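Let's take a friendly walk through a protein fold, going from the overall layout down to a single residue. Have a look at the picture before you read on.

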Amino acid sequence: MYVLPIVITQLTAEPKPYSVELPGSLLELEDDPGVDSDGPIFVDVTAQLIESEVLVRGSVKTQLKFACSRCIEFYSTTMKDSSFVRCFPLSEIKDPLDLGEDIRESIFLKFSSFPLCSPDCKGLCPVCKQNLNKSACACEVKQVDDRWGGLDGLDL
């Protein structure tokens, strides 16, 4: 559990700023071979009371390392949610406010489903697995037009 120093009893209708640095381990990426935390998570939010709810909004930012989907080399990138917004009913809040799961979710939603180290990444040779971004290989790759390949298995 990672809590921000937001004490509910001290909140008013005026937004109160909170800046905190959380450990990258909050993301629990230890079992994922394709992504790793590359530093702390920076949380910069304001909290305020609005009727019977607590509104928290601001930004969440961290550095992550991803394995490129084409060349499998790791690269570092910044993940940022500059429109982090959460609203909590006062009746369901424990003091102090725990935003750990909300911060994780905010960052995970920014993940790319096909991470690339660069848009022009050449990937790996399909024959020898040489990283084509580092050097060319001598393999001959036969280009096959397989657009109609699904029809080959039909028995008419």
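A strand here is a DSSP run of E with at least two residues, and strands are numbered from the N terminus. Keep in mind that this is a predicted model.

**The sheet**

Let's begin with the strands. There are 4 strands, and they form an open sheet in the order 1-2-3-4 with antiparallel pairing. At the edges sit strand 1 and strand 4, each of which pairs on one side only. On average, neighbouring strands of this sheet are turned by 15 degrees against each other, direction ignored.

Helix 1 packs on this sheet and touches strand 1, strand 2, strand 3 and strand 4. The direction of helix 1 makes about 130 degrees with that of strand 4.

Here are the elements with their residues:

| Element | Residues |
|---|---|
| Strand 1 | residues 16–22 |
| Strand 2 | residues 35–50 |
| Strand 3 | residues 53–67 |
| Strand 4 | residues 74–89 |

Strand 2 and strand 3 pair in the antiparallel sense over 13 bridges. One bridge can be named: L49 has V54, in strand 3, as its bridge partner.

**A closer look at R86**

Now find R86, which lies in strand 4. Is R86 buried or exposed? R86 counts as buried because its relative accessibility is 15%, and the cut-off for buried is under 20%.

What does R86 touch? Leaving aside neighbours within four places in sequence, R86 is in contact with V54, L55, V56, D102, E105 and S106. With D102 there is also a polar contact of 3.3 Å between the side chains.

Technical notes. Residues numbered from 1 in each chain as written. Predicted model: local features only at pLDDT ≥ 70, side-chain atom pairs only at ≥ 80, totals over all residues. Heavy atoms only, no water. Pairing = 2+ DSSP bridges. Axes fitted to C-alpha atoms, helices over the stretch in contact; angles between N-to-C directions. Contact = heavy atoms within 4.5 Å. Buried < 20%, exposed > 50% of the residue type's maximum accessible area, 1.4 Å probe, protein only. Polar contact = N/O pair within 3.5 Å; in protein donor to acceptor, adjacent residues only side chain to side chain.
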